[in-house]
Amino acid sequence: MESLLNSSSAQPAVSYTQFFEVAKQHNLSTMESLWQAHYSYWNNDTLATGIMAFVAHELIYFGRCIPWVIADALPIFFHRYKIQDKRPPPSVMDQWTCVKYILAIHFIIELPLIILFHPMMKLCGLKYDLPFPTLSAIAAQIITFFIVEDTYHYWLHRAMHWGPLYRSIHRIHHQYAAPFGLTAEYASPWETLLLGLGTIGPPLLMGYITGEVHLMTVLVWMTLRQIQAIDAHSGYDFPWSLRRIVPFWGGADWHDDHHRYFVGNYSSSFRYWDVLMGTVAGPRGKQKK
């Protein structure tokens, strides 16, 4: 991305704030000015993309987990919404064990991949310059990403329940029969890599085919996918949960049965693959048969 270092006759900018002020002089929106200032400050697009994506990933992941940690700590208020209400909530030790393991996965496995994402996206023709795409373009592409990822996830997840793959790759994720928010990314390194491909693959493929995918769209998609995964592992089902509004949405009610019965309900976001393929878990699956 073109730097603002030499775009103004004023003194060279040296801080985020100064770069932001210079960007505002170019009639950019606040978000676009922050974006331009970030890339100008680092003056290394690969590093700038990596830092932005990784920091966003950590803030979103652990930030979204906090409400579920609070819910588990206050059963007097939230136990009635717990799906597996016969099991005790996760202990502080369970939560802390999860945090330590996930941080190791994030820094050892995910951080290098996030740093490498910039050259991969350039190779596939993704954009990251300004202006940002329209909201309608972002929404249409994200809906497509959800559908493609859900299909990929269903078949990969189902394959991971085949004996050898389950024992060597997927068993770690099933350590907790009653999942809680932090367990969304509690997985082996190989599973992290394979499922991560389902998240970054659709934008890269669409960008390669159309040349019309922007990094901002990818960041929004990654945010929504993280929130979906965490909420699906939360262990809580509320009267206002999305699955009550969107009938084909999976959610915690759907994915909790996968952890409880260990087979079935392999999709990530939706229900239709499991319904079509006869892999609905638990009593609901028997009813459909």
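**Figure 1. Contact of helix 2 with helix 9 in the predicted model.** In this predicted model, Met31, Trp35 and Tyr39 of helix 2 meet Leu215, Met216 and Leu219 of helix 9. The residues of this contact comprise six nonpolar, no polar and no charged. Helix 2 covers residues 30–42, and its axis lies 13 Å from that of helix 9. The two helices pack at an angle of about 105 degrees. Because angles of 65 to 115 degrees count as roughly perpendicular, helix 2 is described as roughly perpendicular to helix 9.

**Figure 2. Contact of helix 6 with helix 9.** Helix 6 spans residues 135–160 and helix 9 spans residues 215–232. Their axes are 10 Å apart, and the packing angle is about 50 degrees. Helix 6 and helix 9 are therefore oblique to each other. The crossing of helix 6 past helix 9 is right-handed. On the side of helix 6, the contact is made by Ile138, Gln141, Ile142, Phe145, Phe146, Glu149 and His153. Their partners in helix 9 are Met216, Thr217, Val220, Trp221, Leu224 and Arg225. Sorted by character, the residues of this contact are eight nonpolar, three polar and two charged.

**Figure 3. Met216 of helix 9 in two helix contacts.** Met216 belongs to the set of helix 9 residues that meet helix 2. Met216 is also among the helix 9 residues that meet helix 6.

**Figure 4. Surroundings of histidine 118.** Histidine 118 is found in helix 5, which runs over residues 92–123. The relative accessible area of histidine 118 is 2%. Since buried means under 20% relative accessible area, histidine 118 is classed as buried. With neighbours within four places in sequence left aside, histidine 118 is in contact with Asp45, Thr46, Thr49 and Tyr128.

**Figure 5. The protein chain as the setting for the close-up views.** The secondary structure of the protein chain consists of 12 helices and zero strands. The C-alpha trace spans about 70 × 40 × 35 Å along its principal axes. For 289 residues, a compact globule would have a radius of gyration near 19 Å, and the 21 Å of the protein chain agrees with this. Of the 289 residues, 47% count as buried. Among contacts in the protein chain with a separation of 6 or more, 68% are accounted for by residues 24 or more positions apart.

Key
Residues are numbered from 1 along each chain as its sequence is written. This is a predicted model: local features need pLDDT of at least 70, side-chain atom pairs count only at pLDDT 80 or more; totals for chains, interfaces and linings use all residues. Side-chain values use heavy atoms; hydrogens and water are left out. Axes are lines fitted to C-alpha atoms, for helices over the stretch in contact, and angles run from 0 to 180 degrees between N-to-C directions. Helices (H or I, at least four residues) and strands (E, at least two) are DSSP runs, numbered from the N terminus. Angles under 35 degrees count as roughly parallel, over 145 as roughly antiparallel, 65 to 115 as roughly perpendicular and the rest as oblique. A crossing is left-handed if the near helix is turned anticlockwise from the far one by less than a right angle, and right-handed if clockwise. Contact means heavy atoms within 4.5 Å. Ala, Val, Leu, Ile, Met, Phe, Trp, Tyr, Cys and Pro count as nonpolar, Asp, Glu, Lys and Arg as charged, and the others, Gly among them, as polar. The radius of gyration is taken over C-alpha atoms; the globule rule is 2.2 Å times the number of residues to the power 0.38. Buried means under 20% relative accessible area, exposed over 50%, partly exposed in between (1.4 Å probe, protein chains only).
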